[in-house]
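Take a walk through this fold. The route starts with a buried loop residue, then moves to the sheet, its helices and the cysteines.

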Amino acid sequence: MRYITKPFNALTNLELYQLLQLRQAVFIIEQTCIYPDMDNNDEHAIHLLAFDGDVMVGCLRILDKGVAFDEASIGRVVVTKGHRGRGIAQEMMRQAVALLGTDRGEKRIKLSAQTYALRVYESVGFTAVGEEYLEDDIPHIDMVCTL
């Protein structure tokens, strides 16, 4: 596995295409959820991409304070169906948390987790806060990580 991080304006056309294609395949088609994935936050994000050879198999985005939440945040965490269960999401999350904590000096990170994936986020230090809620008809819960 190869992991890279890039701000939006450094993504190649192919990387952006693969990233959007991957998110569409999972979040919209696989989860049968019609929602606007391109929400104008990508251009404010650092994108962490996971590659198996030349194929993008996972990605997430890292957002500064004030973009999605008052805290810095991580979102759009996704791994292809064929690569799940291999620790790729956890490794991407570990790298994102390290980037925010070490490089950016953040003390608290927030995310909105699909409830079924709680264990992935808990395994890298996130704790559920608040009540479960529906977002785009999928159960979610807010989670925080204090560094």
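A residue counts as buried when its relative accessible area is under 20%. The model here is predicted. By that cut-off Asp42 is buried, because its relative accessible area is 6%. Asp42 sits in the loop between helix 1 and strand 2. What does Asp42 contact, leaving aside its neighbours within four places in sequence? The partners are Phe8, Leu20, Arg23, His47 and Arg61. Leu16 is 26 residues away from Asp42 along the chain, yet their C-alpha atoms are separated by 10.0 Å.

Now the sheet. Seven strands build it, and the sheet is open. Their order is 1-2-3-4-5-7-6, with mixed pairing. Strand 1, residues 2–7, and strand 6, residues 127–135, are the edges; each pairs on one side only. From one strand to the next, the twist averages 25 degrees.

Look at one pairing in detail. Strand 1 runs antiparallel to strand 2, residues 45–52, and six bridges join them. One residue to pick out is Lys6, whose bridge partner in strand 2 is His47. His47 has already appeared, as a contact of Asp42.

Two helices lie across these strands. Helix 1, residues 13–30, crosses strand 1, strand 2, strand 3, strand 4 and strand 5. Its direction makes an angle of about 90 degrees with strand 3, residues 55–63. Helix 2, residues 88–103, lies across strand 1, strand 2, strand 3, strand 4, strand 5 and strand 7. Helix 2 runs at about 160 degrees to strand 4.

Stay with helix 1. It has 18 residues and spans 24 Å from first C-alpha to last, close to the 26 Å expected at 1.5 Å a residue. Where is helix 1 kinked? The kink is centred on Gln24 and is about 30 degrees. The buried residues of this helix are Glu15, Gln18, Leu19, Leu22, Arg23, Val26, Phe27 and Ile28. Their cover includes strand 1, strand 2, strand 3, strand 4 and strand 5. Arg23 in this buried set is also a contact of Asp42.

Past the helix, the chain enters the loop that leads to strand 2. Gln31 lies in this loop. Is Gln31 buried or exposed? It is buried, because its relative accessible area is 19%. Beyond neighbours within four places in sequence, Gln31 is in contact with Val26, Gln114, Tyr116 and Ile138. Thr32 follows helix 1 and has a positive phi, near 40 degrees.

Strand 5 holds another buried polar side chain to inspect, Lys110. It counts as buried because its relative accessible area is 17%. Not counting residues up to four places away in sequence, Lys110 touches Phe69, Glu71, Ala72, Ser73, Ile74, Asp142, Met143 and Val144.

Last, the cysteines. How many disulfides does the structure hold? It holds zero. A disulfide is a covalent bond between the sulfur atoms of two cysteines. The cut-off for such a pair is 2.5 Å between sulfur atoms. For Cys33, the closest cysteine sulfur is in Cys59, 16 Å away, so the distance is too far for a bond. Seen from Cys59, the closest cysteine sulfur is that of Cys33, also at 16 Å. Cys33 is buried, with a relative accessible area of 6%. Cys59 is buried too, at 1%.

Note on methods
Residues are numbered from 1 along each chain as its sequence is written. This is a predicted model: local features need pLDDT of at least 70, side-chain atom pairs count only at pLDDT 80 or more; totals for chains, interfaces and linings use all residues. Side-chain values use heavy atoms; hydrogens and water are left out. Two strands pair if DSSP finds at least two bridges between them. Helices (H or I, at least four residues) and strands (E, at least two) are DSSP runs, numbered from the N terminus. Axes are lines fitted to C-alpha atoms, for helices over the stretch in contact, and angles run from 0 to 180 degrees between N-to-C directions. Contact means heavy atoms within 4.5 Å. Buried means under 20% relative accessible area, exposed over 50%, partly exposed in between (1.4 Å probe, protein chains only). The expected span of a helix is 1.5 Å times one less than its number of residues. The bend at a residue is the angle between axes fitted to the seven residues ending there and the seven starting there.
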